[in-house]
Amino acid sequence: MAQELQRPPAEVRYAADLELLARLDAELGRTAPKGWRLSAPAVVEFIVGRGEPGDKDYVTQKFIGPIAQVQRCVVTLATNRGLMLIGEPGTAKSLLSELLAAAISGDSSLTIQGSAATTEDAIKYSWNYAMLLAEGPSEKALVPAPMYQGMTSGAVVRFEEITRCAPEVQDALLSILSDRVLTIPEFEGARRNTHAVQGFGVIATANTRDRGVNEMSAALKRRFNFETIGAIGDADVETQLVQRETDYALERAGIPFRLPHDFTEVLVSIFRELRRGTAGGTGVERMSSAMSTAEAVAAGVSAGLESAWFGSGTPGGKELAAAIVGTALKDSKEDIARLKAYSERYLHGSKNPLRASLYEHLELDHVEKHTPR
Ligand SMILES: Nc1ncnc2c1ncn2[C@@H]1O[C@H](COP(=O)(O)OP(=O)(O)OP(=O)(O)O)[C@@H](O)[C@H]1O
Ligand SMILES: [Mg+2]
C-alpha cells in the first residue's frame, strides 16, 4: 500500500493545476522564460487563481495577497536577481516561495533551511571523503547541496530563514547571485567554475521578528529585491482561507466533520483582535506571540480533532479555549495578563454564545499559576 504523505509539496498537491496551466500556455501561445516550466502569466495564475469555480479552466487561489506583488516576484525571478520575502511570522512567505518554485521549476524541494548551524557545505556542496581520498576531487566524489543542484539543473532554490545564518555563510551567495558562478577550488581548470544554467533562481525568506539576529551584509542586500508580505487585510477573506485549510486538514485526518462556519468566524476574529491589539483606554495590548493566519489554521485543526475524538463532534468553547491557550501563550508571562484583559473586555458576558462559552473555559488563573517566571 502506498504511504500517504503528511504534507505533500505544492507540485504534488496542485499537480492538476500545473498541468492545466501548461496546456493553456500551449493553447494561448504563451511562451515560458528560458528554463521555466510555465509562462510568467501562468505562474501568477497558479498562485492567485484563475476564473471562478465551475469555469472550465478554473485554478484555485493559493496565496492571498495583492496580484501586483506576485507579478513583481515573478519579474524579479526572471531577471538575474534574488527574491527576498520578508514579513511577520505566519504570513505565508514560505508558502509563496514554495508555490513560485513549484510553478517555475516543477519542484519546490531544493530548499536550504537557515539556522545558526548552517554551513557553506549545506548550501553549495560537500565531499564524500572516502572517495575524495581514494580518487581525488571528481564529480563522483562531490555531494551536491541545493545551490549546486539548482545551478546545474536550472531550478529555483529556496533559502528559508536566511537571516538566521551567520553573515559569512550568507555571503556565500554573493558570487552565485551576481556572477551566477559557483567556484569549486578543489577542481582544476575550467571545471573549477560551475555556471548556472537558465531557470536557476534564488528565493530567500526572512522573518521580521527575528531579523537583525544576524544582519545581512549590504553587499548581499543589493543582490536581492525585497518584498514585504503582510497579514491578510480582509476578515472575510481570512475566514474563508482558514475554513478551506482546516477543511483540507480534517479531511486528510479522516475526520468526517468540518468546522462550523460561525466557529471559524469567531476563531478568526479573536486571532485578529489579539494580533492587532485594540488601542485606547479600555483597549487591549497586542500579544507578543504572532497570532498569525497560519496559527489560526493550526488552532482550528486542533479544535476540530479534539471535538471529533474527545467531544461531541461540534467544537465549542472548550476546544476553542484549548487551541487559543496553546497558540497564544508561549513564553511571555505578560501575554497571560494581556489575554486576561482581552477576555474580560471582549468575551465576558458576550452576546455571542461561543465567545461567552470560551470565557467560561479559558481558566487563565490556572495557566498563570503553573507558568514558571
Ligand atoms: N496570505 C495568505 N495566503 C494563503 N495562505 C496563508 C496566507 N497567510 C497565511 N496563510 C496560511 O498560513 C500558512 C503559511 O505559513 P508559512 O509557513 O508559509 O508562513 P511564513 O510566513 O513562512 O511563517 P514563518 O515566518 O513562521 O516561517 C499557509 O499554509 C496558509 O495556511
Ligand atoms: Mg516560513
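Start with the lining of the largest cavity: its residues divide into 5 nonpolar, 3 polar and 1 charged. This is a predicted model, so treat each stop below as a look at computed coordinates.

**Stop 1: the cavity**

To bring that lining up in your viewer, select L250, I255, F257, R258, L259, G304, S307, G313 and P315. Show them as sticks and look at the space they enclose: the largest cavity has a volume of about 40 Å³. How many cavities of 30 Å³ or more does a search of the whole structure find? The answer is 1.

**Stop 2: the largest pocket**

Next, clear the selection and move to the largest pocket, which holds about 1100 Å³ of space. Its lining is made of 42 residues, and those closest to the centre of the pocket are R7, A92, L95, E245 and A294. Select these five to place yourself in the middle of the pocket.

Now colour the elements that give two or more residues to this lining: α1 (10–13), α5 (93–105), α12 (235–252) and α14 (293–310). Which of the elements gives the largest share of the lining? Highlight α12, which supplies 6 residues.

For the chemistry of the walls, colour the lining of the largest pocket by class. You will find 20 nonpolar residues, along with 11 polar and 11 charged ones.

Before leaving, try colouring by domain. Domain 1 covers 10–229 and domain 2 covers 235–369, and each gives at least three residues to the lining of the largest pocket.

**Stop 3: ligand 1**

Finally, select ligand 1 and show what is around it. There are 18 residues surrounding ligand 1, and the closest are I64, G90, K93, S94 and N207. Three of these deserve a distance label:

- K93: a polar side-chain atom sits 2.7 Å from an oxygen atom of ligand 1.
- S94: here too, a polar side-chain atom is 2.7 Å from an oxygen atom of ligand 1.
- N207: the distance from a polar side-chain atom to an oxygen atom of ligand 1 is 2.8 Å.

How much of ligand 1 does the protein bury? Taken alone, ligand 1 exposes 650 Å², and the protein buries 81% of that. Switch on a surface for the protein and turn the view around ligand 1 to see this cover for yourself.

Technical notes: Residues are numbered from 1 along each chain as its sequence is written. Chains are lettered from A and ligands numbered from 1 in the order in which they are written. This is a predicted model: local features need pLDDT of at least 70, side-chain atom pairs count only at pLDDT 80 or more; totals for chains, interfaces and linings use all residues. Side-chain values use heavy atoms; hydrogens and water are left out. On a 1 Å grid over the protein atoms alone, a cavity is a set of points where a 1.4 Å probe fits but cannot get out, and a pocket is an open set with protein on both sides within 12 Å along at least five of seven lines; lining residues have an atom within 4 Å of a point. Grid points are joined across faces, edges and corners, and a volume is the space filled by probe spheres set on the points. Helices (H or I, at least four residues) and strands (E, at least two) are DSSP runs, numbered from the N terminus. Ala, Val, Leu, Ile, Met, Phe, Trp, Tyr, Cys and Pro count as nonpolar, Asp, Glu, Lys and Arg as charged, and the others, Gly among them, as polar. Domain bounds come from an automatic or database domain assignment. A residue is near a molecule or strand if one of its heavy atoms lies within 4 Å of it. A polar contact is a pair of N or O atoms within 3.5 Å; within protein, one must be able to donate a hydrogen and the other to accept it, and residues adjacent in sequence count only if both atoms are side-chain atoms. Accessible areas come from the Shrake-Rupley method with a 1.4 Å probe; for residues, only the protein chains shown count as cover.
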